[in-house]
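Open the model in a viewer and keep a selection box at hand. The stops below say what to select and what is found there.

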Amino acid sequence: MTFQEVVVAGLVGFEWAVLGYFFLVNVVYGILLVAAAAELRRVVLRTRGRSMERLLSSPLVPTISVLAPAHNEEATVVASVGALLSLHYSNLEVVVVNDGSTDRTLEVLEDAFELVATSSIHRRRLDTQPVRGAYRSSTHPQLVVVDKENGGKADALNAGLNFITGELVCVIDADTLIEEDALQRLVLPFLSQDGLLAAGGTLRVSNGSDIAQGRVTRARAPRTVLPGIQVVEYLRAFLFGRLGWNRLGGNLIISGAFGLFQREAVVDAGGYLHDSVGEDMELVVRLRRHGYEHGGPRHVTFIPDPVGWTEVPESWRVLARQRERWHRGLFDALWRHRRMLFNPRYGAVGLVVYPYFLFIELIAPFIELLGILGLATGLLIGVFDFRFALLFFMVAYAINIVLSMFTLLLEEFSFRRYTGFGNRVRLLTWAFLENFGYRQATVLWRVRGAVRFLQGSTEWGEMVRKGFDSTT
Amino acid sequence: MIEERLVELMLVLFSVLVVLLLAVWSALSLWKSWRARMVDPAVERARARLLQDLADGRIAPDTESAVRSLSFNLQMRLFTRGGRQISGRQRSLLAELARTTGLYQRAVADCRSIRWSRRLRGAQVLTLLGGGKGAVTPLLRDPHRYVRAQAAEWAVEHPSPTVLKNLLDLLDDPDPGARFAAADAVPRVGPPVVESIAERLAQTPSSGSARPGTIRLLEAAAGVRDPSFITPALRLSRADDPGVRARAVALLGLVGGEDAVARAVEMLDDLMAAVRAAAVRALGNLGYWPAAPAVGARLADLSWDVRREAGLALRAMGSPGQLVLRRATRGDERFAADMARLTLALPDTYRPVR
């Protein structure tokens, strides 16, 4: 064979291998989708007609401390904290950690909640940057604000863990709005399952929705492309990805923006790591691993029903930074706990869940990028024709459209947050458009994130927020 | 060629899938739009009429017709959204309406369905409306955990001997959710369940590791807090399992009495921190100020949780407790001084998260 023939054969073979990989990936997605549909059906049947009022007054429900780290959040923190204080849950404590903000985050909290300096003595089980002071609200005695020197999100969370008193800790981002009865729903698995470490709730995109007094009063599909597509992404990730894993071995991710954890398990495992960019995912992996290694609680579940609303990036630049960071975090978490891979000691997590995250979530962007480059090269030099390119496109992207449509149908059959024909049409439109440019951009960002991890980057980047005061 | 065939097959499959999904999605959207225009307003009108009639104390024939015109699913939605905020005469009216429209009978029939979701729904409706003893009692032993848990909630208002026996059996259910539902329901039954709980407590062994049911039984007893529980609680406060001891002393702290107090003071020296913390809390609950010095000694306990409970207990004991706290701030024990300062800094309005 000539050199040219070898190159052509290699390119063709490689592209078929990429196609085969994506075919397998979509088979896995299909299994997840079926599992998610079955799980969603169970959840809907269980919660339909269920009375939540009992939990409001039951003395047997665990105590919950809501822990919200805040750094330069003056635009949204008062609304967010106000919403936290009005959550429908009887045994509730709210701890906000001001992580060395350089804006007026602490001042606006002081004004809004009439904070009074209190003793900053606390149980120091986790090392953190120094605590400058602690404040308790005179209008809402269950609100504590911890003011500390800047140390990053993980450090702020650990400082909060030293102060809280609840059996369970709900970790949320200060800019996440959670629904009034979210904690009632999120606590249910802890009442019905032994050995549960943590439970995650659904995050939805608040951009474009009506918001009043820290609550989303009406969900609307955004009218602009970037947040609109992210709505579909989030629905796919939560309604089909995480829900599917409930039936297939449990989750490895609980969003750092909205999750409920056994406090003692988190502290025993050493709290959040300072040098991890994906500290939320890393913690969950470590907690599960710790459970398997020490015979403690080891299960993590996801509940589609309690909802937290978060503002997503509306600029490509900020979105790119976010996605890079997420992929760096994924790589970091998987690398730290690589001994779990295919290790039967860790049960389904080691044999199924971890390999999925490694071979599909982590590696897929690389394969996809190489596939696109190979395809483009092949088209350029005349090795591939249009039919092959179409085949590649369908396997890689068109099935993604089908999965998104299934997800939208799952949403329609279950929670139906987006009412009105206009919202539904917009969601469908974004689901289609996602694969023409956006998807490819996320591939690049994720690859870049993985490369930066290998280069040792730990920066977070800035998130630009519009705030929740106005209806958009 | 294989590739061409594959492409054609994929194209056909994909096209069919997309068309199917679009068709389903369109049909669903159209149906929802129709429902939003035609059905939801009817439900809202029925609901508004119903709420007005309940406030007036009688159900008008028009209201009955409006409710009857809805499907059973919609009737259930209507009742479950409005029904939970009412009680007494209004609830009786609602139950009567449900019988008239056939919803009650449907719920009873659902309790006998082979599908767990139907049995669950039937139990939910009958919990709301009351009645259905013959249909729901067997559900306390249902094969499905969700149904058993719902039946436990129903049992609160139907405390016959058989129901109570089954409800207490649920405290030992293999499913944690059913155990929780039972432990939450039992105290709400009130006096009818006291004798049964006392009997079970008397039969509960104090040796060996505790069953989950023992813990839930003690929690349920704590919710009822009858003086007849003192004797078995005193016995169980000497159990091998620290979890049992802790809950037994918590029960003693709620029931009270000389013997209970004396035992709680003894348990301040228990080997397990969780038990000491429970003993401290029990004394705080009782407000037993003569124990303030003994509780004050726990401000220097090795366990943070015990120290914190000691601080809160002293705070609950009023002036004697405050005195012990202020003295501790000036003492040599650093842990005790810190905890005393932390407790004294709490505002009067503060209630511990428990």
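Start in chain B, with α15 (residues 258–266), and display its neighbours: the cover over its buried residues includes α13 (230–236), α14 (242–255) and α16 (273–286) of chain B. This is a predicted model. Now colour A260(B), V261(B), R263(B) and A264(B), the buried residues of helix α15(B). Look down the axis of α15(B): these buried residues fall within an arc of 165°, so they line one face of the helix. The general pattern helps here: an α-helix has 3.6 residues a turn, so residues three or four places apart point the same way. Then turn to the other side of α15(B), where E258(B) and D259(B) are exposed.

Move to chain A and select helix α1 (residues 3–47) together with helix α13 (residues 386–413). At what angle do the axes of α1(A) and α13(A) cross? They cross at roughly 10° and come within 10 Å. An angle under 35 degrees counts as roughly parallel, and the two helices α1(A) and α13(A) are therefore roughly parallel to each other. To see the contact, show side chains on both helices: on α1(A), pick residues including W16(A), F22(A), F23(A), Y29(A) and L33(A), and on α13(A), residues including F388(A), F392(A), I399(A) and F406(A). The residues of this contact comprise 17 nonpolar, 1 polar and 1 charged.

Next, select the strands of chain A that run in the order β3-β4-β5-β2-β1-β6-β11-β8-β12-β7. These 10 strands form an open sheet with mixed pairing. Which strands are at the edges? They are β3 (115–118) and β7 (177–178) of chain A, each of which pairs on one side only. Add helix α7 (residues 225–248) of chain A to the view; α7(A) lies across β8 (196–205) and β12 (299–310), and runs at about 155° to β8(A).

Zoom in on the β3 end of the sheet. Strand β4 (residues 131–137) of chain A runs antiparallel to β3(A), and 4 bridges join the two. Two of the residue pairs to label are L115(A) with S137(A) and V116(A) with R136(A). Is β4(A) largely enclosed or largely open? Of its 7 residues, 5 are buried, so β4(A) is largely enclosed by the rest of the structure.

Follow the chain out of β4(A) into the hairpin that joins β4(A) to β5(A) through 5 residues. In the loop between β4 and β5 (143–148) of chain A, select S138(A). S138(A) is partly exposed, with a relative accessible area of 40%. Leaving aside residues up to four places away in sequence, S138(A) touches F113(A), E114(A) and V116(A). A distance label between the C-alpha atoms of S138(A) and A117(A) should read 9.9 Å, and these residues are 21 residues apart along the chain. Beyond the loop, β5(A) runs antiparallel to β4(A), joined by 5 bridges. One pair to mark there is G133(A) with its bridge partner D147(A) in β5(A).

For the last stop, select strand β9 (residues 210–212) and strand β10 (residues 215–218) of chain A, which pair in the antiparallel sense over 3 bridges. A212(A) has R215(A) in β10(A) as its bridge partner. The hairpin of β9(A) and β10(A) has 2 residues between the strands, and Q213(A) takes a positive phi near 50°.

Definitions and conventions:
Residues numbered from 1 in each chain as written. Chains lettered and ligands numbered in written order. Predicted model: local features only at pLDDT ≥ 70, side-chain atom pairs only at ≥ 80, totals over all residues. Heavy atoms only, no water. Axes fitted to C-alpha atoms, helices over the stretch in contact; angles between N-to-C directions. Parallel < 35°, antiparallel > 145°, perpendicular 65-115°, else oblique. Contact = heavy atoms within 4.5 Å. Nonpolar A, V, L, I, M, F, W, Y, C, P; charged D, E, K, R; others polar. Buried < 20%, exposed > 50% of the residue type's maximum accessible area, 1.4 Å probe, protein only. Arc of directions from axis to C-beta. Pairing = 2+ DSSP bridges.
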